[in-house]
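Biologist: I should like a close look at one part of this model, with the remainder described around it. Please proceed step by step, as for a first-year student.

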Amino acid sequence: MASVDTAVEPSDSAVSEPEIGGVRRRDFINIAAVSFGGVGVVATVFPLVNQMNPSADVLALSSIEVDISAIEPGQAIKSSWRKQPIFIRNLTTSEIEAANAVDLSGLRDPESLADRTQPGKENWLITLGVCTHLGCVPLGAAQGEVKGEYDGYFCPCHGSHYDTAGRTRKGPAPTNLEVPEYSFLSDTVVKIG
Amino acid sequence: MSFPWAQQYKPTTEFGQWMDEKLPIGRLIYNSVGAGYPTPRNLNYMWNFGSLAGVFLVVQIVTGIILAMHYAANAAIAFDSVEHIMRDVNSGWMIRYAHANGASFFFIAIYLHIGRGLYYGSYKAPREMIWLLGVVIYLLAMATAFMGYVLPWGQMSFWGAKVITGLFEAIPLVGKPIQELLLGGFAPDNAALNRFFSLHYLLPFVIAGVIIMHIWALHIPGSNNPTGVNVKGPQDTVPFHPFYTAKDGWFLGLALIFFTGMMFFMPNALGHADNYIPANPLSTPAHIVPEWYFWPWYAILRAFTFDFLFVPAKLLGVLAMFSAILVWFFLPWLDKSPVRSGDYRPRFKKFFWFGLIPCIVILGICGGAPAEEPYVMLSQLASAYYFAHFLIILPLLSRIEKPEPLPNSITEAVTGKPLEQAS
């Protein structure tokens, strides 16, 4: 009983059709069907993954306007942009001079202060308050906070020091504090993002 | 667990052999839905709905997990979070419509699957356990669907939750405390919404577990078939793969055309406009009905407008509604006819097509209609017939009916030729 042949006789002539060069018509149908199914799977999976990207309401909050009229030279404020802290610092003349006096070739991420500010507005240093090492918020924006060895910002998590241009000078941070896209709408209002 | 002539699993690669010794998952698949599972060769399209229901459960779980990433189960913001899904989340509208319509398609598949079992006698020995587990799956699916409908926290959500938990209030003495226990309050609110969300997320996985038992139990006797005659030998079966994997796959493609058509072109056709109004505990919608797949049971609930002896109408309706499904648990023992397939039971066939099916359709129509005449009267008549079918007609039929002669084998039924003994 156990040795009975279970093969079902093909009723379709395409199955019993002789092979031509090792290829049967049925092979084409197989490949076509599976490929078409594959396209369908990709088309289905794409939106199922894409839904995790920022939604429209998150993107709608992607730019802010900040009034900077009250920030005196030597002061800084923290604001929030895309749920991340942003530092807006009004540099003093001596801080600008200190930043310009640095030899760029000795920097880990060589950028001049002019590269990091806008022409005619070199005293406004606007950076993300996110340490480029692992994302902590560096100290130094609020009054009384430690500013680090280079008088800019200091990240207490793993000891990264930033200078008055927000450039990484010491510690594990690989790059300078990120400068977001921004523009001055007037002398007292800056639009970030 | 299978017929002795089943093809044997032989790993072809070295890795396959290594895996087969450590974790024979390939062997499990091969023997359950692969070439190692001999299946009756004469299954018709009614046998496609089990796998289809399984696929729609997967659709529900996948889209549901995604929706839970964006939904907030808090009465204050639940409604807005659903609108957030519809308007802000990338493709959120599509995923939510897939979930909402996926529930309907799951129930369409499951109803046709149950109907197949009822007509072809798939509940009879030796397949009673498969049937019982199936009824459990259905009950779990109803609970899951009901709680899911509450989550958008629209008017129908709120009042559905209130009405359904109100059913428990009908229980004498302890009814009120039970309702308050279920809701975590005196009316549906944050506590109820949170627990419904928690359970709505849990139950589909419980369903998946019971489905595994359902399929496990199925693989012991193997599938029933349109003749209801037992498989007698290898000539009566074909390997599940590629024969039924291909057929199920093609049928799935067909079903997905209808599903996506519904999803993209008439996504709210089966919903209620009232559910796009935020829940308001102070105002009931004028016409409150559950989703279509509950309509027959809802009609039975509302059919009881009169007290009977000392039992109030409210309790009668609730008891009748639950009994209408619980009676299925006794079906394998109510229908004693040794002939499984309705094809060979001339009287049963008539009662099935001209009695039970129209009766359920009428109940469905009445359940979706307002509680006024003629629907109340129709529901009462149809409810009476429904119970009579299971409790009187089926037991009687199995005694008095003279079945038509059965084919000697599946092969004989298929080929029309007597089985050749020498093969």
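Biologist: How many Å separate the centres of domain 1 of chain A and domain 2 of chain A, taken over C-alpha atoms?

Modeller: The separation is 57 Å, taken between the centres of domain 1 and domain 2 of chain A over their C-alpha atoms. This value comes from a predicted model, whose scores are ipTM 0.79 and pTM 0.87. In chain A, domain 1 covers residues 13–50, and domain 2 covers residues 58–192.

The secondary structure of chain A helps to place these two domains. Chain A contains four helices and nine strands. Along the sequence, their order is α-α-α-β-β-β-α-β-β-β-β-β-β. Of the 193 residues in chain A, 22% are buried. Considering contacts in chain A between residues at least 6 apart in sequence, 47% join residues that are at least 24 apart.

Confidence should be considered alongside this picture. Chain A has a mean pLDDT of 87, with 90% of its residues at 70 or more. Residues 1–6 of chain A have a pLDDT below 50, although the model gives this stretch nine contacts beyond near neighbours in sequence. Predicted coordinates should not be read in detail where pLDDT is low.

Chain A also touches chain B. Their contact takes 13 residues from chain A and 17 residues from chain B. On the side of chain A that touches chain B, α2 (25–50) and α3 (56–60) of chain A each supply at least two residues. The element that gives the most to this side is α2(A), with three residues. By class, the side of chain A that touches chain B has seven nonpolar residues, five polar residues and one charged residue.

Chain B can be examined in a similar manner. Its mean pLDDT is 93, and 98% of the residues of chain B reach 70 or more. Chain B is divided into domain 1, residues 43–284, and domain 2, residues 289–401. The centres of these domains of chain B, taken over C-alpha atoms, are 22 Å apart. The contact between them takes 23 residues from domain 1 of chain B and 20 residues from domain 2 of chain B. On the domain 1 side of this contact, α5 (92–120), α6 (128–150) and α7 of chain B are the elements that give two or more residues. The largest share of that side, seven residues, comes from α6(B). The residues on that side of domain 1 of chain B divide into 15 nonpolar, six polar and two charged.

A single helix of chain B permits a check of the geometry. Helix α12 of chain B comprises 14 residues, 313–326, and at 1.5 Å a residue it should span 20 Å; the C-alpha atoms at its ends are 20 Å apart, so the two values agree. Within α12(B), the residues G317(B), V318(B), M321(B) and A324(B) are buried. These residues lie on the same side of α12(B), because they cover an arc of only 125 degrees around the axis. The buried residues of α12(B) are covered by elements of chain B including α7 (155–169), α11 (295–303) and α15 (375–400). Helix α7(B) thus appears twice in this account: among the elements that cover the buried residues of α12(B), and among those on the side of domain 1 of chain B that touches domain 2 of chain B.

Note on methods:
Residues are numbered from 1 along each chain as its sequence is written. Chains are lettered from A and ligands numbered from 1 in the order in which they are written. This is a predicted model: local features need pLDDT of at least 70, side-chain atom pairs count only at pLDDT 80 or more; totals for chains, interfaces and linings use all residues. The expected span of a helix is 1.5 Å times one less than its number of residues. A residue is buried if 20 or more other C-beta atoms lie within 10 Å of its own, exposed if 12 or fewer, and partly exposed in between; C-beta atoms are placed from the backbone. The arc is that of the directions from the helix axis to the C-beta atoms. Two residues are in contact if their C-beta atoms, placed from the backbone, lie within 7 Å. Ala, Val, Leu, Ile, Met, Phe, Trp, Tyr, Cys and Pro count as nonpolar, Asp, Glu, Lys and Arg as charged, and the others, Gly among them, as polar. pLDDT is the predictor's confidence in each residue, from 0 to 100. Domain bounds come from an automatic or database domain assignment.
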